Structure formats: C-alpha cells, structure tokens
Amino acid sequence: MDKFKEIRPIVLGIVKKDNKILVSEGYDKTKNETFYRSIGGGIEFLENSKDALKREFKEELNIDIIVNKELGTIDSHFVYNGKNGHELVYLFDITIPEESLKENYTILDNNIASPGEWISIDEFKSGEKIIFPQGIIEYL
C-alpha cells in the first residue's frame with residue numbers, strides 16, 4: 001500500500017499520566033515543523049483495530065498494553081513532506097501496566113529509533129506544541 005495514494009486505516013492509543021500523554025515526535029522537512037502523534041500505526045488486512053494497536057505497541061515499544069475503550073474515529077486529511085495523505089484514525093483509551101511504565105521510551109519503527117515522551121496536554125491545547133491528527137485534542 002502506498003500511504004500517499006490510498007486511504008490508510010490506522011489506530012492510535014491515548015495513554016495519560018499526570019495530565020500528560022505519551023507521544024512520538026515527528027518532523028516535516030517541507031514545513032520545517034516538529035509535531036507529535038500518539039503511538040500506533042497501520043491496521044493490516046483482516047486485523048481488528050484493537051489487535052493492531054496491541055501489535056504496534058509490542059513492535060514499537062516492546063510492551064503489552066490494555067485496550068480500554070474506543071474514543072472515536074477521525075477522518076484525517078493532511079500534507080506531510082509535501083505529499084497529500086488520508087487516514088481513517090481509530091482512537092482508543094489505553095493503559096500501560098505499572099511494571100511497564102517509564103519516564104521515557106525508545107520507539108522502534110522501521111528500524112529507526114525515536115524517543116517516546118510524555119508531554120503535557122496543556123501544551124497541545126494552547127498550541128505551543130502540535131499534535132496530529134487534527135481533532136485529536138477533543139479526545140484528550
């Protein structure tokens with residue numbers, strides 16, 4: 001699947017701790033813009049969204065999560081590095097078990113390591129930091 005030519009179904013997990021959420025950092029070279037996104041990824045053919053979310057957390061952070069409830073769906077249209085994208089984003093409230101909770105994580109995605117960090121929800125609501133997809137703030 002070319003994620004810039006088709007509608008891509010993805011699933012993201014929202015986990016909160018002390019008015020912060022766990023996010024990964026992204027960077028758009030064309031816009032020269034740093035942004036953040038909750039952890040998750042693509043839903044594979046014939047995979048349900050909860051199983052996809054559990055798989056993504058296991059692959060990217062090597063932790064097992066508890067999927068609590070579905071929060072909603074966002075029909076996300078965006079431009080990333082100059083390319084148009086379209087995702088159907090399923091959002092879930094999740095819990096990371098106490099024994100797996102850390103201050104910082106290393107996210108491995110396509111053999112690229114990036115930090116997983118807890119960022120204040122207020123920084124996103126104020127616009128100080130950018131979180132995608134647009135519309136996710138109403139679920140925080």
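**Close-up views of a predicted model**

E103 is exposed, with a relative accessible area of 56%. This residue belongs to a predicted model, and the legends below set E103 beside its salt-bridge partner before turning to other views of the chain.

**View 1. A salt bridge joins K17 and E103.** In this pair the closest N and O atoms are 3.0 Å apart, and the two residues come from distant parts of the chain, 86 residues apart. K17 lies in strand 2, which covers residues 16-17, whereas E103 sits in the loop between strand 6 (83-95) and strand 7 (104-109). The two partners also differ in how they are covered: K17 is buried, with a relative accessible area of 18%, because the limit for a buried residue is under 20%, while E103, at 56%, is exposed.

**View 2. R55 meets two glutamates, E47 and E59, in salt bridges.** The N to O distance is 2.8 Å for the pair of R55 and E47, and 3.3 Å for the pair of R55 and E59. R55 and E59 both belong to helix 1 (residues 49-61), where they are four residues apart, about one turn of the helix. R55 is buried, with a relative accessible area of 17%, whereas E59 is partly exposed, with a value of 47%.

**View 3. The salt bridges around R55 form part of a network.** The residues linked in this network are E44, E47, R55, E56 and E59. In the structure as a whole, the count of salt bridges comes to eight, and among them are the pairs of R55 with E47 and of R55 with E59, as well as the pair of K17 with E103 shown in the first view.

**View 4. The aromatic rings of F35 and F132 form an edge-to-face pair.** A search of the whole structure finds three aromatic pairs. In the pair shown here, the ring centres are 5.4 Å apart and the planes meet at 65°, so the arrangement counts as edge-to-face, the limit for that class being over 60 degrees. F35 lies in strand 4 (residues 33-42) and F132 in strand 9 (residues 131-132), so the pair ties together parts that are 97 residues apart in sequence. F35 is buried, with a relative accessible area of 12%, whereas F132, at 21% relative accessibility, counts as partly exposed. Ring pairs also bring in Y80, which is linked with F35 and F132 into a cluster.

**View 5. The whole chain gives the setting for the close-up views, with two helices and nine strands.** Read along the sequence, these elements follow the pattern β-β-β-β-α-β-β-β-β-α-β. The radius of gyration of the chain is 14 Å, close to the 14 Å that the globule rule gives for 140 residues, so the chain is as compact as a globular protein of that length. Along the principal axes, the C-alpha atoms fill a box of roughly 40 × 40 × 30 Å. Of the 140 residues, 43% count as buried, and the chain exposes about 8,100 Å², of which carbon and sulfur atoms supply 46%. Among the contacts in the chain with a separation of 6 or more, residues 24 or more positions apart account for 63%.

Conventions:
Residues numbered from 1 in each chain as written. Predicted model: local features only at pLDDT ≥ 70, side-chain atom pairs only at ≥ 80, totals over all residues. Heavy atoms only, no water. Phe/Tyr/Trp six-rings, centres within 6.5 Å; stacked < 30°, edge-to-face > 60°. Buried < 20%, exposed > 50% of the residue type's maximum accessible area, 1.4 Å probe, protein only. Salt bridge = Lys/Arg side-chain N within 4 Å of Asp/Glu carboxyl O. Rg over C-alpha atoms; globule rule 2.2 N^0.38 Å. Contact = heavy atoms within 4.5 Å. Areas by Shrake-Rupley, 256 points an atom, 1.4 Å probe, with all protein chains shown as cover.
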